[in-house]
Amino acid sequence: MASLDNRKGHQSPRPKGRENSKNVLCRNMTLYGSCRTQNSGCPYSHDVSRFDAQSDNSKRFLNVDSPSFTPLSPATNNQAVKPIGISPKAAAAAIFTPRASGAATPTNPPPSRASANEWPNEIREFVPGRFNEFQPDSSSTYDPYSMQGVNNALPDGSSTAQLNPYAQDASATLFQSAAAYSHNHPLNYHLYAPIGPHRENLMPYQRTAHDLFIPDHLREELQRKTEATLQTFSNSTLPQQIEHFHSLVALDTTVQKAASVYGYPSWLYKAVSTKDGYTYCLRRLENFRLTDERAIRTMQKWKRVSNGNVVVVHDAFTTRAFGDSSLIIVTDYHPLSQTLSDKFLAPNTSRHANSRSNQPFIAEHELWGYIIQIASALKAIHSAGLAARLINPQKVLLTSKNRIRINSCGVLDVTQFEQQRPLDELQDEDFIQFGRLILSVSTRNPVAGNHLGPPKGLDQVLRTYGEKMRDVVEWLITPPSNPVAAELSGERNIDTLLSMLSQQMISTFDAALHEADSITSNLARELENARLVRLFTKLNLVLERPEQSITGNAPPAAPAALSNPNNSWSETGERYYLKLFRDYVFHQVDADGRPVLDLGRILACMNKLDAGVDEKIQLISRDEQNCFIVTFRELKRGFESAWNELVKASNSTRR
């Protein structure tokens, strides 16, 4: 019988000792209320009343009235474990409410609590307020943003007030003059600094985000020029419009009226044309009276001069918009350009260098580049039967790195029209002015090119740049009547000068080709970015579009998994895949649920969509009830179909 109970699973486990078996209740008494072997040798106890007290204690563990389980913190270093919990009285405590903005600090201290588990009844419900309305406690004098340990003394001994960059006061500004930047803050160009990892720290197949766009220095330069082009003055006293030009902005850095090299006080403005919307430079000659109409017509010849080293002349006319009779010369506008005089001949204003002698000389390859560029400009001007007449450091512009242009061409042809001079004489003066310009720039001395300076200037050029440079400069500054000119070269014209510069033209031309390759490479990056921008634009035009915007086209029938309760045009058919694809690309999360901000992955997915590759991806709906396995080719086909349908609806609406 015992074996039968063992087969049925009713026999209790065999005790280790008979002395302990009498303290164990038989399992048959618990399950069936009786035991068949009670009188035939069952070693277990059959006294149920003996174990009633123990049975009641065991039932308490499954009773609803039993206390809740409170876990204990793990004991470390043999330390006693203390229970962690909140008093039941905390459930009846009032909701916390901070002190209102601007409210007075209570003078009476809060009542002391009888125990650590009691909460004060004065605490009110928390109500968030505006950040700028926060006021610190008046009883506290500590300022966490104070810079007590920083010396604010300037080099001249004066001191400045402490600046709190976190203050919410409108008067606290990061600029020296708040009025100068109150309406037009400069761009934060420092935000374009590249952040690691740098190129040399990566593998050859790895790329950074900065590798996908143009270099930071080039982008910053173009943005600075764009900002200068679009800059306007709201409270300007200049005329509102001159001919078809408006939005005049003064470009002169001085307000002194002095006769310039033109013989008249000259002013420079930037203006926008109403004909084409481009920005031009207007040079105004004050108190100029036109006595002969043929003087203005001479500018027609300058319009035909097309050379990369000559500032293009567009028009010339007279006006009385400034209150007098003024001559206006319209030329191209080159933002942020500076003259060679400002670049190389301006006195050094630093504390340790008060003269130009401390400034370093120009590199030889840069100086040869200037010479060749001016020679190229003179070739175009002299071939057109004209003369530059103004080749001096104040009239040659440096528009970009090592790129110069001759400015103010044709102005003297108008102002000195009645003083007719032979063309050969004027062109020969161009060479002399050219040589004096090179002497002044190479020696960084503005008087090195006059009649007292050339001998010393030529010796300095010889010591710094060599004999070839000295021979070219000497040929330029030597008058044609001097017999030395005939010994240096035969005929004195631009072709002779170009033959003397033939050896240096190769290196200059090679540098220009390398720069063109660099610009082309940077342009190719932006070409891909423009393609992706168009793709992003078309995708956003299709997604989340309501049904009302598609006129004349009913939504196509779709399976239940592809339908939408709102019956939106962009939520039905294959367009539903595009919505899931948008979530797949831009709303991706990692295994921990954190957003994935991987620019390389986004660009890779969009490029695969644009190419329509056969790679398969898994798209899951937001409710995680539908899952689709599609290829990029299928997505592209649905995307093009939706876009064509959208274009068709747009054209039908216009008709």
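What are the percentages of helix and strand over residues 503-541, and how far apart are the end C-alpha atoms? Select that stretch: the chain there is 100% helix and 0% strand, and its end C-alpha atoms are 58 Å apart. An unreviewed UniProt entry annotates residues 503-541 as "coiled-coil region"; such annotations may be inferred rather than shown by experiment.

The model is predicted, so local features need pLDDT of at least 70 and side-chain atom pairs count only at pLDDT 80 or more, while totals for chains, interfaces and linings use all residues. Residues are numbered from 1 along each chain as its sequence is written, and side-chain values use heavy atoms, without hydrogens and water. Helices (H or I, at least four residues) and strands (E, at least two) are DSSP runs numbered from the N terminus.

**The sheet**

Next, go to the open sheet, where 6 strands lie in the order 1-2-3-4-6-5 with antiparallel pairing (two strands pair if DSSP finds at least two bridges between them). Strand 1 (241-242) and strand 5 (313-319) are at the edges with a single partner strand each, so one side of each has no neighbour in the sheet.

Select strand 1 with strand 2 (residues 245-250): 2 bridges join them in the antiparallel sense. Gln241 is opposite His246 of strand 2.

At the other edge, strand 5 runs antiparallel to strand 6 (residues 326-332) over 6 bridges. Asp315 has Val330 in strand 6 as its bridge partner. The two strands, 5 and 6, form a hairpin with 6 residues between them, and Gly323 in the turn has a positive phi of about 90°.

**The helices**

Now select helix 9 (residues 364-383) and helix 11, whose axes come within 11 Å and cross at roughly 165° (axes are lines fitted to C-alpha atoms over the stretch in contact, with angles from 0 to 180 degrees between N-to-C directions). Helix 9 is therefore roughly antiparallel to helix 11 (under 35 degrees is roughly parallel, over 145 roughly antiparallel, 65 to 115 roughly perpendicular, the rest oblique).

Show side chains at this contact (heavy atoms within 4.5 Å): among the residues that meet are Leu367, Ile371 and Leu378 in helix 9 and Phe431, Phe434 and Ile438 in helix 11.

Finally, add helix 12 (residues 454-465). Its axis and that of helix 11 (residues 423-443) come within 10 Å and cross at roughly 60°, which makes helix 11 oblique to helix 12. Leu439, Ser442 and Thr443 in helix 11 meet helix 12 residues including Pro454, Leu458 and Tyr465.
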